[in-house]
Amino acid sequence: MKSTMFSVKSMTVLLAIAAANVGYANTVVNNGPNYKESALYATSNGGFYVGAQAGYDSFRVGQTVSSPAGTFSTTASLTGWLGGLFIGYGQYFNSSYYLGAELFGNYNGANQVFARGADDDGDSFTRKHKADGTLGLALIPGIKLNEATLGYLRLGYDWTYFQNSIVAANGGGPSISSSHSATLGGFDFGLGLETLVCDHWSVRTQYDHIWYNNKSTTPFPGLTSTTKPSDNQFTLGVLYRL
């Protein structure tokens with residue numbers, strides 16, 4: 001439910017920014033440089049671009065733990081800022097339709113620490129989740145909304161490096177610990193807008209949802225842990241078309 005609410009809020013913000021971007025783009029076209037002198041026109045037959053982006057991650061990591069004593073499920077919420085670089089190539093067709101491909105790398109600062117102190121029986125538990133970095137590829141089909149604004153979909157695949165650790169003590173006895181890391185891949189679906197601001201420079205706003213593959217581990221003998229991450233991501237970027 002929280003993930004759905006976050007997605008709805010993110011889409012609302014994106015639509016609001018979209019309206020602002022389109023309005024700004026109309027100002028650029030009507031009062032600024034002639035479109036035929038702009039970067040979008042100059043690269044209508046194809047061109048490379050480079051850029052940087054920053055944003056916010058909201059990972060949800062569902063975890064199911066199975067043991068001889070039974071099965072239980074928990075959900076961790078990892079949130080944090082991100083930053084990264086990207087490079088791509090895009091081409092316009094029939095002056096309106098766009099198709100691009102992109103390679104990117106992000107640093108993710110999302111993490112969560114859940115700790116339960118010793119209870120009356122001396123049991124304690126600490127769990128840590130962290131997302132460290134992401135690499136990805138994307139196909140970007142789009143359509144020109146006006147002479148300076150591109151609306152696009154993002155269809156890609158991401159690989160994110162996750163770290164997890166558990167420290168537990170039973171009945172006040174010695175603590176036991178387990179840690180593991182894994183690079184998980186997942187399908188990325190996004191919506192975005194790119195708006196020309198001057199010369200070869202553009203800004204873009206983007207929302208992505210990533211569904212990662214499941215991962216099963218055996219942190220302790222007789223215990224199996226299965227995690228299923230997903231991510232809601234909102235980014236702002238600036239790019240230069242060569």
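Is Asp199 buried or exposed? The structure above is a predicted model. Work through the exercises with it open.

**Exercise 1. Classify Asp199 and describe its backbone.**

Solution.
- Locate Asp199: the residue lies in the loop between E7 and E8.
- Take its relative accessibility, 55%. Exposed means over 50%, so Asp199 counts as exposed at 55%.
- Check the backbone. Phi of Asp199 is near 45°. That is a positive value in a residue other than glycine.

**Exercise 2. Set out the architecture of the protein chain.**

Solution.
- Count the elements: the protein chain has two helices and 10 strands.
- Read them from the N terminus on: α-α-β-β-β-β-β-β-β-β-β-β.
- Look at burial. Of the 242 residues, 43% count as buried.
- Look at contact range. Take contacts between residues at least 6 apart in sequence; 67% of them join residues at least 24 apart.
- Look at the surface. The protein chain exposes about 12200 Å². Carbon and sulfur atoms supply 61% of that area.

**Exercise 3. Find the largest nonpolar core and trace where its residues come from.**

Solution.
- List the members. The core has 11 residues: Phe59, Val61, Ala76, Leu78, Ala110, Ala131, Phe162, Ala182, Leu184, Ile210 and Tyr212.
- Assign them to elements. Two or more residues come from each of strand E1 (47-67), strand E2 (70-93), strand E7 (175-198) and strand E8 (201-212).
- Look for a further core. Another one, of 10 residues, lies apart from the largest core; its members include Tyr92, Phe104, Leu150 and Leu239.
- Zoom in on Val61. Neighbours within four places in sequence are left aside. Val61 is then in contact with Thr74, Thr75, Ala76, Leu78, His129, Thr227, Lys228 and Pro229.
- Check the rings. Ring pairs link Phe59, Phe162 and Tyr212 into a cluster.

**Exercise 4. Characterise the ring pair of Phe187 and Trp211.**

Solution.
- Search the whole structure: there are 10 aromatic pairs.
- Take the geometry of this one. The ring centres of Phe187 and Trp211 are 6.1 Å apart and the planes meet at 20°, so the pair is stacked.
- Place the partners. Phe187 lies in strand E7 and Trp211 in strand E8, so the pair ties together parts that are 24 residues apart in sequence.
- Compare accessibility with the class limits. Phe187 counts as partly exposed at 39%. Trp211 also counts as partly exposed, at 45%.

**Exercise 5. Which side chains make polar contacts with the side chain of Glu102?**

Solution.
- Place Glu102: strand E3 (residues 97-108).
- Assign its class. Buried means under 20% relative accessible area, so Glu102, with 4%, is buried.
- Name the first partner: the side chain of Tyr49, at 2.7 Å.
- Add the side chain of Arg154, at 3.1 Å.
- Widen the view to contacts, not counting residues up to four places away in sequence. Glu102 touches Tyr49 and Arg154, and its other contacts include Phe86, Leu137, Ile140 and Arg204.
- Follow Arg204 onward. Its charged end sits over the ring of Phe86, 4.0 Å from the ring centre.

**Exercise 6. Describe Gly186 and its approach to Tyr212.**

Solution.
- Place Gly186: strand E7.
- Assign its class: with a relative accessible area of 1%, Gly186 is buried.
- Compare sequence with space. Gly186 and Tyr212 are 26 residues apart in sequence. Their C-alpha atoms are 3.9 Å apart.
- List the contacts, leaving out residues up to four places away in sequence: Gly156, Tyr157, Asp158, Ile210, Trp211 and Tyr212.

**Exercise 7. Contrast Ala54 with Gln206.**

Solution.
- Place both. Ala54 is found in strand E1; Gln206 is found in strand E8.
- Assign the classes. Ala54 is partly exposed, with a relative accessible area of 42%. Gln206 counts as buried at 2% relative accessibility.
- Find the partners of Ala54. Not counting residues up to four places away in sequence, Ala54 touches Leu82, Gly83, Phe234, Thr235 and Leu236.
- Check one distance: the C-alpha atoms of Ala54 and Asn106 are separated by 8.7 Å. Along the chain these two are 52 residues apart.
- Turn to Gln206. Its side chain is joined to that of Asp208 by a polar contact of 2.8 Å.

Key:
Residues are numbered from 1 along each chain as its sequence is written. This is a predicted model: local features need pLDDT of at least 70, side-chain atom pairs count only at pLDDT 80 or more; totals for chains, interfaces and linings use all residues. Side-chain values use heavy atoms; hydrogens and water are left out. A nonpolar core is a set of buried Ala, Val, Leu, Ile, Met, Phe, Trp, Tyr and Cys residues joined through side-chain atoms within 4.5 Å. Buried means under 20% relative accessible area, exposed over 50%, partly exposed in between (1.4 Å probe, protein chains only). Helices (H or I, at least four residues) and strands (E, at least two) are DSSP runs, numbered from the N terminus. Contact means heavy atoms within 4.5 Å. A polar contact is a pair of N or O atoms within 3.5 Å; within protein, one must be able to donate a hydrogen and the other to accept it, and residues adjacent in sequence count only if both atoms are side-chain atoms. Accessible areas come from the Shrake-Rupley method with a 1.4 Å probe; for residues, only the protein chains shown count as cover. Rings of Phe, Tyr and Trp (its six-membered ring) pair if their centres lie within 6.5 Å; planes under 30 degrees apart count as stacked, over 60 as edge-to-face and the rest as tilted. A charge sits over a ring if NZ of Lys or CZ of Arg is within 6 Å of the ring centre and within 35 degrees of the ring normal.
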